[in-house]
Amino acid sequence: MIGLSVRYGDLQAVRDVSFTAEPGQVTAVLGPNGAGKTSTIEVCEGYRRAAAGTVRVLGLDPATHQRQLGERIGVMLQEGGVYPSARVLDTVRHYCALYGKGAVADDLVAQVGLTSRAKATWRRLSGGEQQRLSLALAMAARPEVAFLDEPTSGVDVNGRDTIRGIVRDLAREGCAVVLATHELDEAERLADRVVIFDGGQVIANGTLAELRKGHDEIRFRSDPHLDLPALAIAIGMVASQVGPDEYVIDAPPHPRLMAQLTAWLAEQGHPIADLRAGGQRLEDVFRRLTAKQGDAP
């Protein structure tokens, strides 16, 4: 898409947004509530009209070729979209028949871990089970592009592993996966590229390595009340306390610095746990970038 804008009356929800999601990759679309990401994805799906800009999905305009696109894309809504009394297997069979792409309903139900719930109705499913059914319905299209909205919301640990595996498999098979989520850990695990929205604009777009570049850190846990001035003298760097027992040093993890840090902790009788060195977590990248955006005039 190039220069996409979306308006709701006098409110401009999306302004001059441009990015590309490539086949064989997972593109995570992130942003605070109201940042414009859902409106953007709805334009790509053909559910909403753009006020300005050019949007193409598989070379087609979603606004004028929704039917043709609907046969080639998979859409997973965050919630709803299924009749409350519809049964799991019957619903998946119906979608497979509608798409006519040769997807086997029983296989899809098994793939998302719902075989034991095949006869259950939508209203009887837990929130996590409803998410997995929604994913199966999106896969019935054997999509070339998949739009997945909060695919692991409310899903338990084992279900999350199942969904992650399915998302990776979709990308490996050449699908362009667009993943909208608030769960930054999930995006960090899955994304090849990250697009961050704030205030209706894209404020960052790149691989995780690109977004982390120049922001290496050392992060560790230890006793809650370290003598940080003494630590700074010992290692020549300032450590910041970011949690009750969590500390961050904004510096690349050079071997000498790591040795000085661990030696000082040992000399002072302090434990060290969860030591992590290198690029910032996606959560920290997100906080840094959205904070800058929020501070802008």
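**Close-up 1. Pairing of strands β5 and β6 in the predicted model.** Residue G74 of β5 has A146 as its bridge partner in β6. The two strands, β5 and β6 (residues 145-149), run parallel and are joined by 4 bridges. Strand β5 (residues 73-76) is covered on both faces, with I73 and V75 buried on one side and G74 and M76 buried on the other.

**Close-up 2. The largest nonpolar core, centred in this view on V92.** This core has 37 residues, and those with the most contacts inside it are V92, L108, L133 and L148. At least two of its residues come from each of α3 (88-99), α4 (105-111), α5 (127-139), β6, α6 (157-172) and β7 (176-180), and α5 supplies the largest share, 6 residues. When neighbours within four places in sequence are left aside, V92 is in contact with A105, L108, V109, L133, A136 and L137. Another core, of 25 residues, lies apart from the largest one and includes V43, L69, V178 and V195.

**Close-up 3. The buried and exposed sides of helix α10.** Helix α10 (residues 255-267) has 13 residues and reaches 18 Å from its first C-alpha to its last, close to the 18 Å expected at 1.5 Å a residue. Its buried residues are L257, M258, L261, W264 and L265; they lie on the same side of α10 because they cover an arc of only 135 degrees around the axis. On the other side of the helix, P255, R256, A266 and E267 are exposed. The cover over the buried residues of α10 includes β10 (216-221), α9 (228-235), β12 (246-249) and β13 (273-279). After α10 comes G269, which has a positive phi, near 75 degrees.

Key
Residues are numbered from 1 along each chain as its sequence is written. This is a predicted model: local features need pLDDT of at least 70, side-chain atom pairs count only at pLDDT 80 or more; totals for chains, interfaces and linings use all residues. Side-chain values use heavy atoms; hydrogens and water are left out. The expected span of a helix is 1.5 Å times one less than its number of residues. Buried means under 20% relative accessible area, exposed over 50%, partly exposed in between (1.4 Å probe, protein chains only). The arc is that of the directions from the helix axis to the C-beta atoms. Contact means heavy atoms within 4.5 Å. Two strands pair if DSSP finds at least two bridges between them. A nonpolar core is a set of buried Ala, Val, Leu, Ile, Met, Phe, Trp, Tyr and Cys residues joined through side-chain atoms within 4.5 Å.
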